[in-house]
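Here are my notebook entries from a sitting with this structure. Have a look at it first, then follow along.

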Number of protein chains: 4
Amino acid sequence: MTDNARRRSRERLEERERGILDAATKLFATAGFHATSTRKIAAAAGVSEGTVFHYFGSKNELMLGILDRFYNEVLNPRAAEILDTVMDTRSRLREFALHHVAALSADSALMLRLLQVYVGVELEVVGQDQLSSLRPLNRRYVGHLDRAVREGIERGDLRSNLQVRPLRDLFFGTLEYGMRTHLYHHGNEGMADYVDALLAPIWEGLHDNDRPNSDAELLTERLEKVSLRLERSVDTLEGN
Amino acid sequence: MTDNARRRSRERLEERERGILDAATKLFATAGFHATSTRKIAAAAGVSEGTVFHYFGSKNELMLGILDRFYNEVLNPRAAEILDTVMDTRSRLREFALHHVAALSADSALMLRLLQVYVGVELEVVGQDQLSSLRPLNRRYVGHLDRAVREGIERGDLRSNLQVRPLRDLFFGTLEYGMRTHLYHHGNEGMADYVDALLAPIWEGLHDNDRPNSDAELLTERLEKVSLRLERSVDTLEGN
Amino acid sequence: MTDNARRRSRERLEERERGILDAATKLFATAGFHATSTRKIAAAAGVSEGTVFHYFGSKNELMLGILDRFYNEVLNPRAAEILDTVMDTRSRLREFALHHVAALSADSALMLRLLQVYVGVELEVVGQDQLSSLRPLNRRYVGHLDRAVREGIERGDLRSNLQVRPLRDLFFGTLEYGMRTHLYHHGNEGMADYVDALLAPIWEGLHDNDRPNSDAELLTERLEKVSLRLERSVDTLEGN
Amino acid sequence: MTDNARRRSRERLEERERGILDAATKLFATAGFHATSTRKIAAAAGVSEGTVFHYFGSKNELMLGILDRFYNEVLNPRAAEILDTVMDTRSRLREFALHHVAALSADSALMLRLLQVYVGVELEVVGQDQLSSLRPLNRRYVGHLDRAVREGIERGDLRSNLQVRPLRDLFFGTLEYGMRTHLYHHGNEGMADYVDALLAPIWEGLHDNDRPNSDAELLTERLEKVSLRLERSVDTLEGN
DNA sequence: CATGAATGAGAATTCATTCAT
DNA sequence: TATGAATGAATTCTCATTCAT
């Protein structure tokens, strides 16, 4: 086999794998893990039943494959990007929250459901062993929030007495619960605004309000100063 | 049949029903809804399989029966009691939180799992109809929190600009997520303390800390004033 | 117990029995024997499940009870009446046919279905023993047709060479099959006319149209004579 | 896979399908549709229970498969053959009748029962949809009779005022009812003769008896003439 | 006589997984 | 590598019947 052929072959394999993952993701999210048979997945992916098992070994591993891909291709890359490009603590939290919610609620909350069902519940049923491959990915993801918090405290943006663990729960718990209720009542419509509504009381509880200069506040103050100077200019002009 | 006999008969029925509910609750929570067969439930309850269906009609209704009982016998009574006996807002929230967590995490988080799995996930799969019987119970339960918040605002304990919906998400979302992670790492040990750790930043974000600045709404007001002044300045300039 | 009380009691029993039979008849005919549970029958009759078994012992006997009643209260009385009051052979057949069809097709062909299903098919499954109670009733019913035919022949209204067994098949087979197809396409509408359409060719084949030739039996006789003569001829030839 | 392997594979599949159909046919006919479990069918066919559903999807479809095969492989082919090879109207009806009865009463009236139970009764319960696949097959089959009748009328063999619908009922109704009673009393013994006994009065009602020359009659007359000539020859010989 | 709770065998059907081709 | 026929255990649920009250 030439190198070219080899490459093309590998590409086909990967395409197939992706196809199966896509089909399974959609079906699991739509109908639930148990209500989705491997037969349906195979049919939706346009492959035979045997092929699904060729690629993933079992239905459980297929689910793990979905989550693995989600962490590697969606959750973690953008989280890292946010941490690297946004520096202001408030903005970081906001971007992170929007990213988290957008990622989980895409495709009619496909991944939200998946994570809820499988990681939240079936996981311990399946056995801890199976989760082990996911743990580091999740740890890495959560680590991004931890870093934002740590650095926020260092800069004095956040209270210095915040504990990281409760904070994670506050952040992710509120977002996921809120996202769920919002989806239930309004679908994806206005989700970003709702995230802001959720963040408001959270931020209020986190930031160090002995320092009266949140970014919004600083901006306001700058505007007020501009306004004052402008008024003075106007006065001067009129006085002339 | 004498009245005595009738009463004894009814008692036996209720005892049996309770037995089935108990068995099913434990099994559902331990192994998950799907992994628990009606056969196992019957065996655990010490009745025949047919009897399970005699009492509950279907596995789904059995699950609804469990949740129904949980709301009616655990969640709502104590929530009402707290609201009636504790008057201080902060204490109310704390008691409510402790009650919620204790109720859900009892018996190795039996009910937490049940609610997560079934209400959070299967629910939409099963169809809205089936949930309808649960909705009012849930509404009533959540209503207790709403009342605490409403009265807290009236008394000036809580910021007046809090919205009820995000607040629910903040409260229940944080508690349930936090309860889950805590259970995962430490089991029930030290749960009450952890609840306090979760409540701390929440409370910080909710209560009226009398500093009338830095609030988003206040900022907005200030910005609006700036805006007005700027407009006036511009008008004046243009008037020239 | 007074005689009065005794009588009233017996009446109530009979009323209950009738109620169960009515309910079962309707349900069996509507949904089929197997698709109708004794529980549904009990509910429809407004009695408890146990009561059904008190009165009929088993589901099978209940079915036999229905048929028994149908023969005794509907089929046979009117058949006897027709034979007693209508004397003309053609009219007798017509009245009998109309009666048969009307009885079977009443209540959306309730009894037609019952007879088809149970007597036609399940019967041998159930075992001959169970049928034994029905046999004499059926025999009596069919006997009315036999009598009409016999007397018709005696009077010269019908061909003398008609055999009774095929005739029954012709009569009942055509009527029931025709009734079924007619019900299927048009419901009960115009059923009486259709019975006449069915009877026309039947009558044509039965009545004595005074042309003593061309009948199969006559042909046979003639052929037998030919045969005899041929044999005789051959014998004679061989004798030579 | 080589073509050979492919062919062998397909053959095995078809053989298996046939095996399941055979087993199911026999069991349904013997014990009835409801009394035959899919487990029994699988066991009788020597396959696993899952395989039955792999091939037929459901017990209902299995039944439809049986009827489908019966129409396609037995009823229709021979009916078409009769219409194509036998031209005389009387003979056509007779052959058709014999064919119908023979087909239905083979294997202890296996198919008669099947058709009675399922098509006659369960059908409307099951719902019209399921029958739709059978309807055209039945229509085609009945069409053969219609054609024989139509052409019989054109040739003047049959009365010109016959209606096709009642005629079908007369024909099939009489045959099936008669077949049933005959089977009940005598089994298959003498069935063909009985069919003739049933056809006699039917034919009497159908044929155009203004033309005294049915084929049988013509044949008889020819035989009579032969006989006469033979007798005369014998006389002559003897006279010599 | 009447009830209806209790039974447990049995039904149809599904499904993840295997393996010969 | 890919297929898809085959499996058979497991599942939910139904039902006629019994029997203590």
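**Entry 1: chain A.** I began with the accessible surface of chain A, which comes to about 11,900 Å², with 49% of that belonging to carbon and sulfur atoms. I took accessible areas from the Shrake-Rupley method with a 1.4 Å probe, and for residues only the protein chains shown count as cover.

Ground rules for my fellow chemists: this is a predicted model, local features need pLDDT of at least 70, side-chain atom pairs count only at pLDDT 80 or more, and totals for chains, interfaces and linings use all residues. Residues are numbered from 1 along each chain as its sequence is written, chains are lettered from A and ligands numbered from 1 in the order in which they are written, and side-chain values use heavy atoms, with hydrogens and water left out.

I then looked up burial: 46% of the 240 residues of chain A count as buried (under 20% relative accessible area, 1.4 Å probe, protein chains only). Chain A has ten helices and zero strands (DSSP runs, numbered from the N terminus: H or I of at least four residues for helices, E of at least two for strands). I also checked contacts (heavy atoms within 4.5 Å): among those in chain A between residues at least 6 apart in sequence, 73% join residues at least 24 apart.

**Entry 2: DNA strand E.** I found 30 residues around strand E (near means a heavy atom within 4 Å). The closest include Lys59(A), Thr51(B) and Tyr55(B). Sugar or phosphate accounts for 68% of the strand E atoms within 4 Å of the protein, and bases for the rest.

Next I looked at polar contacts (N or O pairs within 3.5 Å). A polar backbone atom of Thr38(A) is 2.7 Å from a phosphate oxygen of strand E, and a side-chain N or O atom of Arg16(C) is 3.5 Å from a phosphate oxygen. For a base, I noted Glu49(D), with a polar side-chain atom 3.4 Å from a base oxygen of strand E.

**Entry 3: DNA strand F.** Which residues come nearest to strand F? Of the 33 around it, they are Thr51(A), Lys59(B), Lys59(C), Thr51(D) and Tyr55(D). Here 62% of the strand F atoms within 4 Å of the protein belong to sugar or phosphate.

I logged three phosphate-oxygen pairs: a backbone N or O atom of Thr38(B) at 3.0 Å, a polar backbone atom of Thr36(C) at 3.4 Å, and a side-chain N or O atom of Arg16(D) at 3.3 Å. H3(A) gives the largest share of the surface near strand F, five residues.

Technical notes: Polar contact = N/O pair within 3.5 Å; in protein donor to acceptor, adjacent residues only side chain to side chain. Buried < 20%, exposed > 50% of the residue type's maximum accessible area, 1.4 Å probe, protein only.
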